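Reader: I would be grateful for a close look at a single part of this model, namely the sheet. Please describe how the strands are arranged and covered, and then turn to the loops and charged groups around them.

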Amino acid sequence: MPDPALSWSASYGDNGAVGSGRPVVSLGQPDVYGGAPRVRSFSGRALLAVACAVLGLGLIGGALTGSWLTGDESGDAGARTAFTAAGTLWHSVPVDQLFPPTIEGDGAGPGGADRTWTRIAVAPDTGCADAFDPLLRKALAPVGCRRLLRATYTDETQSYVTTVGLLFTKADATAMRALRTRFSNENLDRRSDLMPRPYAAKNTVADDFTDAQRASWTISVLTDAPVVTYAVSGWADGRTVDTPQPAEEAMTSGATTALAQAGLGHEAQGLADRVERALRKTVGSAAKLPS
């Protein structure tokens, strides 16, 4: 069991401080029906065909039995187990496991520069009512909102601040795939009227990180977990941004906007990618635990 002091049921201050079982396969004896076997004669070609068929079935059966015995979850059942396990992580996994106090971003900055981000605030787990602009909230409505987890980070120089979020939905895999398809086909992840909101933690360098300071963002709809991940970045000095730019565009080679050259697209994308990786690793571990 995780330390209760590190779980999402604990309370947090603005500074982020905290106030396998596997199935057993039993192979029974084959049923034998009465009556003496009738003697048949086979040609060499027929015998060869039968031998190949038996060998093929043996290989297939052996592979399947081996996957069951070793707990191989690469099939549909394993995917469903992982998807289900992911939906419960918001209340069962320690804060530091989903949002580490420090995140290393090797090669995550402009030109492949390294980045190191420090967590400065963890928001209490909440619903989604005030976390998204109205249009984004409407776009996400089909998958529902079970819980929202957020944390805000700053870079080593404390020049930038970035909020990373994990939206745990109520949807099944089919609904998540449908939402991802819609985001992709309609470019919803690039519309500035569909930006997530930052978490402005008081008495930190993110104190002034409000909607007007949003500079770059990224949103990812997962299909192997009922989760939407996102990140939104801005300058730590509170300057406003007239024309925010999606991270993918800001990271494009040759981008000349001030926020692109400052690396704010890399801040958002780099942090989102690493938090998503941590989530996937945690999902994999949770799926292997005894039910």
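Author: A suitable place to begin is strand S2, residues 115–126, where nine of the twelve residues are buried, so this strand is largely enclosed by the rest of the structure. The model is a predicted one, and its protein chain contains nine helices and seven strands. Of the 291 residues of that chain, 42% count as buried.

S2 has a partner on either side in the strand order. With S1 it pairs in the antiparallel sense over four bridges, and within this pairing Thr-102 has Thr-118 of S2 as its bridge partner. With S3 the strand S2 also runs antiparallel, and seven bridges join the two. Arg-119 stands opposite Tyr-153 of S3 here.

The wider arrangement is an open sheet of seven strands with mixed pairing, in the order S1-S2-S3-S4-S6-S5-S7. Its edges are strand S1 (102–105) and strand S7 (245–246), each of which pairs on one side only.

From S3 the sheet continues to S4 through an antiparallel pairing of eight bridges. One position in this pairing is Arg-150, which stands opposite Gly-165 in S4. S3 and S4 form a hairpin with four residues between them, and Gln-158 in the turn has a positive phi of about 55°. Most residues other than glycine have a negative phi. Gln-158 has its positive value although it is not a glycine. At 46% relative accessibility, this residue counts as partly exposed.

The loop between strand S3 (147–155) and strand S4 (160–168) also holds Glu-156. Glu-156 is exposed, with a relative accessible area of 63%. Together with Glu-104, Asp-106 and Asp-114, it gathers in a patch of negative charge on the surface.

What lies on the two sides of S4? Tyr-160, Thr-162, Val-164, Leu-166 and Phe-168 point one way, whereas Val-161, Thr-163, Gly-165 and Leu-167 point the other way, and all are buried. S4 is accordingly described as mostly covered, with nine of its nine residues buried.

On its other side in the strand order, S4 meets S6, and the two pair in the antiparallel sense over nine bridges. Gly-165 stands opposite Tyr-230 in S6. The same Tyr-230 is the bridge partner of Ile-219, so a position in S6 can be followed in both directions across the sheet: towards S4 through Gly-165 and towards S5 through Ile-219. S5 and strand S6 (residues 227–235) pair in the antiparallel sense over six bridges.

The segment that leads into S5 deserves attention as well. Asn-203 lies in the loop between helix H6 (173–186) and strand S5 (216–221). Asn-203 has a positive phi of about 60° although it is not a glycine. With a relative accessible area of 74%, Asn-203 is exposed.

Charged groups come next. Side chains of opposite charge can pair when their charged atoms come close. The structure holds 14 salt bridges. One of them joins Asp-133 to Arg-214, with the closest N and O atoms 3.2 Å apart. Asp-133 lies in the loop between S2 and helix H5 (134–140) and Arg-214 in the loop between H6 and S5, so the pair ties together parts that are 81 residues apart in sequence. Asp-133 is buried at a relative accessible area of 10%, and Arg-214 is buried at 7%.

A further salt bridge is that of Asp-211 with Arg-197, where the closest N and O atoms are 3.2 Å apart. Both residues are placed in the loop between H6 and S5, 14 residues apart. Asp-211 is partly exposed, with a relative accessible area of 32%, and Arg-197 is partly exposed at 22%. Asp-133, Arg-197, Asp-211 and Arg-214 are linked in a network of salt bridges.

Helix H6 contains a salt bridge of its own, between Arg-182 and Glu-186, with the closest N and O atoms 3.3 Å apart. Being four residues apart in H6, Arg-182 and Glu-186 are separated by about one helical turn. Arg-182 counts as partly exposed at 35% relative accessibility, and Glu-186 is partly exposed with a relative accessible area of 42%.

Definitions and conventions. Residues are numbered from 1 along each chain as its sequence is written. This is a predicted model: local features need pLDDT of at least 70, side-chain atom pairs count only at pLDDT 80 or more; totals for chains, interfaces and linings use all residues. Side-chain values use heavy atoms; hydrogens and water are left out. Patches are made of residues with over 30% relative accessible area and no salt bridge: like charges are joined within 9 Å, nonpolar side chains (Val, Leu, Ile, Met, Phe, Trp, Tyr) within 5 Å. Accessible areas come from the Shrake-Rupley method with a 1.4 Å probe; for residues, only the protein chains shown count as cover. A salt bridge is a side-chain nitrogen of Lys or Arg within 4 Å of a carboxyl oxygen of Asp or Glu. Lys and Arg count as positive and Asp and Glu as negative; His and the chain ends are not counted. The place of a charge is taken as NZ of Lys, CZ of Arg, CG of Asp or CD of Glu. Buried means under 20% relative accessible area, exposed over 50%, partly exposed in between (1.4 Å probe, protein chains only). Two strands pair if DSSP finds at least two bridges between them.
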